[in-house]
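User: I would like a close look at the surroundings of the ligand in this model. Please treat that part in one connected account.

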Amino acid sequence: MEAFVLLGMPRACITGLGRYVPPKVVKNDDLRQWFDTSDEWIYTRSGIRERRWVEEPASTAELGYYAAREALARAGKSPQDIDLIIFATLSPDMYFPGSGVLLQHKLGLETTPALDIRQQCSGFVYGLSIADQYIRTGMYKTILLVGAEIQSTWIDYHPEGRTVGVLFGDGAGAAVIEATEEPGRGILSTHLYSQGAYAMELCVAEPSSATRRHELPGSYGMRPYMNGKEVFRHAVQRMGEAVQVALATQGWQPEEVDLYVLHQANIRIVQAVAEFFSLPMEKFYNNIHKYGNTTAASIPICLAEAWAEGRLKKGDKVIVAAFGSGFTWGSAALVW
Ligand code: COA
């Protein structure tokens with residue numbers, strides 16, 4: 001790989017990070033107005049204490065815009081420098097078009113390409129991989145990757161919605177990814193997987209292109225479904241495998257990695273992965289207690305906060321990994 005860099009093939013490097021979370025804090029006990037639940041149940045099962053919810057009406061693209069502005073400023077770039085926007089979300093502003101074009105317009109851009117990707121909690125990792133390929137081939141030099149979600153509007157507030165409803169939050173994270181020819185830095189490898197056999201284990205099945213059932217009496221409407229135990233079991237296994245393949249590809253020992261950033265779905269998933277690799281939890285950046293599961297936004301929010309706290313320094317070895325609905329999962333190995 002080093003040879004390619006020397007021959008002039010650029011690598012993709014994250015040069016700026018930003019995040020935005022809405023100001024409204026919703027604590028576990030606040031959820032008791034809808035659900036028969038408790039702070040103790042939610043915290044011990046998931047590690048979540050509170051999450052952020054938007055005030056309605058709100059726009060996913062707008063959340064992404066705030067995060068993008070911060071990332072661009074930190075990278076010393078203006079919107080006009082962006083060659084491509086990649087927008088990862090499961091909660092777009094509209095059924096179509098995607099939120100990427102809305103963000104492009106908000107940024108004051110005229111014809112910059114905008115690509116929406118629908119990879120749920122793995123959206124940021126998939127986006128990193130896409131950005132990496134465009135930059136390695138030389139097609140683009142500067143890519144804006146955004147993960148943004150408004151999930152408080154699809155939560156099922158009926159009593160039976162409590163298992164899913166207590167876990168999710170709103171927020172956005174963004175990364176400016178640029179070509180670098182500095183040897184040894186940037187995204188070294190990405191590893192992507194999916195398994196549609198499990199599509200129905202975690203989904204919002206309606207509204208759907210297949211039926212107009214949501215208009216009919218007895219419709220299930222727009223309600224999320226999650227087979228929590230099955231999702232948990234797969235998440236632990238697949239996230240561990242994704243970390244393993246990144247380590248093996250780089251020839252890194254688990255303890256050599258300076259920081260692991262795993263998608264924030266449940267602190268117990270991160271603990272299980274840490275235990276599998278015999279690593280202390282200090283090696284993992286977590287903020288699920290503050291934000292819950294922010295899906296495509298969770299990894300860039302973590303990265304932005306880790307960077308702001310001085311936990312990402314030049315030369316650090318970093319592994320990011322995610323698992324989510326689809327099922328989709330993957331990882332990336334980076335040198336900061
Ligand atoms: N408050 C209180 N009780 C709740 C509840 C809530 N919000 N949600 C469910 N329960 C109840 C259930 O009704 C069930 O009761 P029963 O045993 O009387 O039927 C019980 O709690 C379930 O408990 P348990 O099965 O021990 O929960 P769990 O340890 O499996 O934890 C999840 C549940 C959802 C937190 C866990 O399965 C999980 O995190 N799954 C993966 C989530 C995930 O990763 N999703 C996104 C992937 S990106």
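How many Å separate a polar side-chain atom of Lys229 from an oxygen atom of the ligand? Please set the answer in the context of the shell around the ligand.

Analyst: The model is predicted, and the distances below are computed from it. A polar side-chain atom of Lys229 lies 2.5 Å from an oxygen atom of the ligand. Taken by itself, the ligand exposes 970 Å², of which the protein buries 73%.

Two further side chains have polar atoms placed in a comparable manner. For Asn266, the distance from a polar side-chain atom to a ligand oxygen atom is 2.6 Å. For Arg162, the corresponding distance is 2.9 Å. These three residues, together with Thr37 and Gly228, are the closest of the 22 residues that surround the ligand.

The composition of the shell can be described by class: 10 of its residues are nonpolar, 7 are polar and 5 are charged. With regard to secondary structure, at least two shell residues come from each of helix 2 (39–46), helix 6 (162–165), helix 7 (228–250), helix 8 (267–276) and strand 12 (317–324). Helix 7 contributes the most, with 4 residues.

Both domains take part in the shell. Domain 1 (11–180) and domain 2 (186–335) each provide at least three of its residues. As for the space that the ligand takes, this is the second largest pocket.

Some backbone features of the loops complete the account. Most peptide bonds are trans, and most residues other than glycine have a negative phi. The peptide bond from Gly326 to Phe327 is cis, with omega about -15°. Phe327 belongs to the loop between strand 12 and strand 13 (328–335); strand 12 is also one of the elements that supply at least two residues of the shell. A cis peptide bond also links Glu56 to Pro57, with omega near -5°, and Pro57 is located in the loop between strand 3 (50–52) and helix 3 (60–75). Gln120, a residue other than glycine, has a positive phi, near 55°. Gln120 is placed in the loop between strand 5 (114–117) and helix 5 (123–137).

Definitions and conventions:
Residues numbered from 1 in each chain as written. Predicted model: local features only at pLDDT ≥ 70, side-chain atom pairs only at ≥ 80, totals over all residues. Heavy atoms only, no water. Near = heavy atom within 4 Å. Polar contact = N/O pair within 3.5 Å; in protein donor to acceptor, adjacent residues only side chain to side chain. Areas by Shrake-Rupley, 256 points an atom, 1.4 Å probe, with all protein chains shown as cover. 1 Å grid on protein atoms, 1.4 Å probe; cavity = no way out; pocket = protein on both sides within 12 Å on 5 of 7 lines; lining within 4 Å. Sits in = over half its atoms within 2 Å of the grid points. Nonpolar A, V, L, I, M, F, W, Y, C, P; charged D, E, K, R; others polar. Domains from an automatic or database assignment.
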